[in-house]
Amino acid sequence: MLAALIGFLGDFDLAEEAAQEAFAIAAERWPRDGNPANPRAWLVATARNRAVDRVRRDRTLAAKTRLLDVPVATDDEMDETTIPDERLELLFTCCHPALALDAQVALTLRALGGLATDEIARAFLVPEETMAKRLVRAKRKIKASAIPFRVPPAHLLPDRLAAVLAVVYLVFNEGYGGRNELAAEAIRLGRALAELMPDEPEVHGLLALMLVNDARRDARVADGVVVLLAEQDRSLWDVERIAEGRQSLDRALALGGRGQYVLQAALASLHMQDPPDWEQIAALYAELAQLTGSPVVELNEAAALAEAGRLEDALALVDSLELDSYHYTHATRAEVLRRLHRVDEARAAYGQALELVHADAERRFLEGRLAELEG
């Protein structure tokens with residue numbers, strides 16, 4: 001709905017406001033008058049009419065006067081195909097290559113992923129104020145450049161794939177922290193992507209990564225506390241989902257995939273071996289870090305080095321990273337220091353992690369670790 005309104009209005013903020021008004025009107029009228037025959041068409045028509053009315057009330061905005069010549073929309077004018085059913089099509093619509101990649105991802109997460117600005121900021125590891133400014137700049141560029149928002153033809157889909165994959169993965173990560181409906185939606189989108197673009201190894205890699213990680217969902221938290229992978233009850237793992245994920249990974253590798261999602265899927269699969277080959281895992285993380293330049297990946301490499309018994313190397317790597325606002329940095333550092341028997345420093349690091357953590361299950365885990373040290 002939002003993508004259709006943006007395409008019609010050429011103004012992201014106006015489209016968002018009109019959509020909100022339409023839903024508010026529906027919430028008031030539908031329980032009283034009954035649902036319309038075509039709810040989706042009703043909502044879009046109402047939103048478009050509201051937007052046009054708003055423009056009429058502010059005729060001093062010359063750049064918007066062209067909207068006054070557009071016929072007022074009605075239910076009869078709306079075709080069922082005006083707005084795509086698939087959220088996947090909406091993702092491709094909003095991931096427009098005229099915007100910088102991080103702006104595409106952030107804007108799409110805000111508009112279609114349902115994530116608030118602070119949640120998107122956490123995903124990008126930047127302050128909320130910084131992300132808010134990025135979103136404003138992206139919206140202004142859409143308006144100033146008159147960027148068309150429509151589903152691209154098939155031959156242009158690869159140009160938008162990187163942003164679409166990033167959005168789906170970030171939605172999954174937000175869901176993996178406890179919002180199961182978001183994780184389920186991301187996996188659904190991943191499956192749809194695999195059907196749409198069956199020869200793209202990164203598509204299969206992302207689907208594999210999400211499936212393998214999601215297979216451990218029921219074992220990941222016990223009594224409201226995060227359970228480390230090595231301590232999880234493997235009988236709670238979804239073996240069918242693991243098999244599906246590894247099948248997708250095999251498909252990605254068969255297509256010659258060695259991109260970031262394929263490597264992450266391979267790592268997720270290796271983590272589930274008993275026992276894991278930590279040296280191999282650390283080497284794969286090093287390859288992935290070189291590919292992406294991501295300090296978060298280097299942090300995972302440090303954790304793998306610690307599991308391989310290379311504690312000093314792990315600590316040196318963690319201390320070299322500029323990720324002070326990321327609670328996992330301090331949690332990883334605390335764990336390494338604990339194993340090095342540097343108890344006071346470990347306590348301080350756990351305290352820093354607790355100041356930054358958001359998910360309750362992870363907070364309780366860190367509190368438990370800190371209590372063990374203080375005991």
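**Exercise 1.** Does Y169 count as buried or exposed, and at what relative accessibility?

*Solution.* Begin with the scale, on which buried means under 20% relative accessible area, exposed over 50% and partly exposed in between, for a 1.4 Å probe and protein chains only. At 16% relative accessibility, Y169 therefore counts as buried.

A note on the model: it is predicted, so local features need pLDDT of at least 70 and side-chain atom pairs count only at pLDDT 80 or more, while totals for chains, interfaces and linings use all residues. Residues are numbered from 1 along each chain as its sequence is written, and side-chain values use heavy atoms, with hydrogens and water left out.

**Exercise 2.** Describe the aromatic pair that Y169 and Y261 form, and place it in the chain.

*Solution.* First recall the rule: rings of Phe, Tyr and Trp (its six-membered ring) pair if their centres lie within 6.5 Å, and planes under 30 degrees apart count as stacked, over 60 as edge-to-face and the rest as tilted. Next apply it to Y169 and Y261, which are 5.6 Å apart centre to centre with 85° between the planes, an edge-to-face pair. Then locate the partners, using helices that are DSSP runs (H or I, at least four residues) and strands that are runs of E (at least two), numbered from the N terminus. Y169 belongs to helix α8 (residues 157-176) and Y261 to helix α13 (residues 260-271), 92 residues apart, so that the pair links distant parts of the chain. Finally, Y261 is buried, with a relative accessible area of 5%.

**Exercise 3.** Which residues of helix α16 are buried, and why do they lie on the same side?

*Solution.* The buried residues of helix α16 (residues 311-319) are L311, A314, L315, L317 and V318. They cover an arc of only 165° around the axis, which puts them on the same side of α16; the arc is that of the directions from the helix axis to the C-beta atoms. The cover over these buried residues includes α15 (295-307) and α17 (327-339), where contact means heavy atoms within 4.5 Å.

**Exercise 4.** What is the phi of D223, and where does D223 lie?

*Solution.* As background, most residues other than glycine have a negative phi. D223, a residue other than glycine, has a positive phi near 55°. D223 lies in the loop between β1 (221-222) and β2 (225-226), and is exposed, with a relative accessible area of 81%.
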